[in-house]
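Reader: I've got a protein model open and I'm not sure how to read it. Could you walk me through a few features?

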Amino acid sequence: RTAAGTEAYLVRKLAHHEYTNAALDAAQARADEEGMPRIAIPKMLGQMLAILAKSMRAERVLEIGTLAGISTHYLATALPAHGQIDTIEASPAHAKVAQANFLAMDTCPFPTTHVGKALKLLRDPAGPFKDPPGTMEGMPEPGYDLAFVDANKDEYFEYFQECLRLVRKGGVMVFDNAIRNGRIAVPDGTKVDPDCSGLRKMYDWIEKDGGKTVLASAIQTVGDKSWDGFAIVYKL
Ligand code: DHB
Ligand code: MG
């Protein structure tokens, strides 16, 4: 009885061929061959993100942190063919692997990979994120339906602020790695924990907001790696 063995069992039982298939395994293998860190989201989290996107009928997704494009593929596959997914990756080498993976997996809709530092891209007054994407029929305001943040943890608070600007009312943001072996709830000693500082700032902001702007939760997970989790934020 281990978390990794349980994850493997669940994948055997619940893998859906449109999402968790040989092409996805080949994409992960390509990432491994390129020496990329083995920190892609677990398959079961990928399918959960797909369920979230499908259940809210998401058409426009923003992702911060592409890595090899595994999570991007899950999210894209959950969208209608005319959907849009923008993903931001700081490392040109990683973006290249992701691009090869999207081509090999025939990811549809095809993701737009923006290569560069996320905050620089997101805040560029002439850049691709200067305005939220256009208003979708029946939606109260323009913006992305869903954002998935899984990039450098020290800037999570700034990513949260940009997501608040770019995600529509009624949209959802998911932040990976929200628990970090429980370190999130333990105050720092003399050294700031860069894995937790940004998220703590986000949780502080949400506490202070007093429920005016967002409804948030965070879920602890065990998995093939360790005790971690994700935060989920609904924009009111
Ligand atoms: C780690 C895991 C992640 O999901 C991530 O985004 C970054 C780092 C890790 O386990 O180190
Ligand atoms: Mg992560």
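**Reading the model, feature by feature**

Author: Sure, let's begin with one residue: E162 is buried, with a relative accessible area of 11%. Buried means under 20% here, so E162 falls on that side of the cut-off. Keep in mind that this is a predicted model.

Reader: Where does E162 sit, and what does E162 touch?

Author: E162 is in helix 7. Leaving out residues up to four places away in sequence, E162 touches L119, L122 and R123.

Reader: How many residues of helix 7 are buried?

Author: Here's a general idea to start with. An α-helix has 3.6 residues a turn, so residues three or four places apart point the same way. As for helix 7, 9 of its 11 residues are buried, which leaves the helix mostly covered. Among the buried ones are Y156, F157, Y159 and F160, along with C163, L164 and L166.

Reader: There's a magnesium ion too. Which residues are its protein donors?

Author: For a metal, look for the protein atoms that sit around it. The magnesium ion (ligand 2) has D150 (OD), D176 (OD) and N177 (OD1) as its protein donors, at 2.0 to 2.1 Å. Along the chain, these donors follow the spacing D-x25-D-N. D150 is in the loop between strand 4 (144-149) and helix 7 (156-166), while D176 is in strand 5 (residues 167-176), so the pair ties together parts that are 26 residues apart in sequence.

Reader: Are D150 and D176 buried or exposed?

Author: Both D150 and D176 are buried.

Reader: Now for helices that pack together. At what angle do helix 2 and helix 4 pack?

Author: Two packed helices are described by the angle between their axes and the distance between the axes. Helix 2 (residues 22-33) and helix 4 (residues 70-77) pack at about 155 degrees, and their axes are 10 Å apart. That angle makes helix 2 roughly antiparallel to helix 4. The crossing of helix 2 past helix 4 is right-handed.

Reader: Which residues make the contact?

Author: Helix 2 brings L24, A27 and Q28, and helix 4 brings I70, H73 and Y74. Sorted by class, the contact of helix 2 with helix 4 has 4 nonpolar residues, 2 polar ones and no charged ones.

Reader: What about the backbone? Which residues have a positive phi without being glycine?

Author: D106 is one of them, with a phi of about 55 degrees. D106 is in the loop between helix 5 and strand 3, and at 63% relative accessibility D106 counts as exposed. R180 is another, with phi near 50 degrees, and R180 lies in the loop between strand 5 and helix 8 (197-209).

Reader: And where is there a cis peptide bond?

Author: Look at C108 and P109: a cis peptide bond joins them, with omega about 0 degrees. P109 is in the loop between helix 5 (92-105) and strand 3 (112-115).

Reader: One last residue. How is I219 classed: buried, partly exposed or exposed?

Author: At 39% relative accessibility, I219 counts as partly exposed. I219 is in strand 6 (residues 214-221). Leaving aside neighbours within four places in sequence, I219 is in contact with I179, D228, G229 and F230.

Reader: How far apart are I219 and A53?

Author: In sequence, I219 and A53 are 166 residues apart, and in space they are 18 Å apart, C-alpha to C-alpha.

Note on methods: Residues are numbered from 1 along each chain as its sequence is written. Chains are lettered from A and ligands numbered from 1 in the order in which they are written. This is a predicted model: local features need pLDDT of at least 70, side-chain atom pairs count only at pLDDT 80 or more; totals for chains, interfaces and linings use all residues. Side-chain values use heavy atoms; hydrogens and water are left out. Donors are N, O and S atoms within 2.8 Å of the metal (3.2 Å for Na, K and Ca); water is not among the atoms, so sites may look incomplete. Helices (H or I, at least four residues) and strands (E, at least two) are DSSP runs, numbered from the N terminus. Buried means under 20% relative accessible area, exposed over 50%, partly exposed in between (1.4 Å probe, protein chains only). Axes are lines fitted to C-alpha atoms, for helices over the stretch in contact, and angles run from 0 to 180 degrees between N-to-C directions. Angles under 35 degrees count as roughly parallel, over 145 as roughly antiparallel, 65 to 115 as roughly perpendicular and the rest as oblique. A crossing is left-handed if the near helix is turned anticlockwise from the far one by less than a right angle, and right-handed if clockwise. Contact means heavy atoms within 4.5 Å. Ala, Val, Leu, Ile, Met, Phe, Trp, Tyr, Cys and Pro count as nonpolar, Asp, Glu, Lys and Arg as charged, and the others, Gly among them, as polar.
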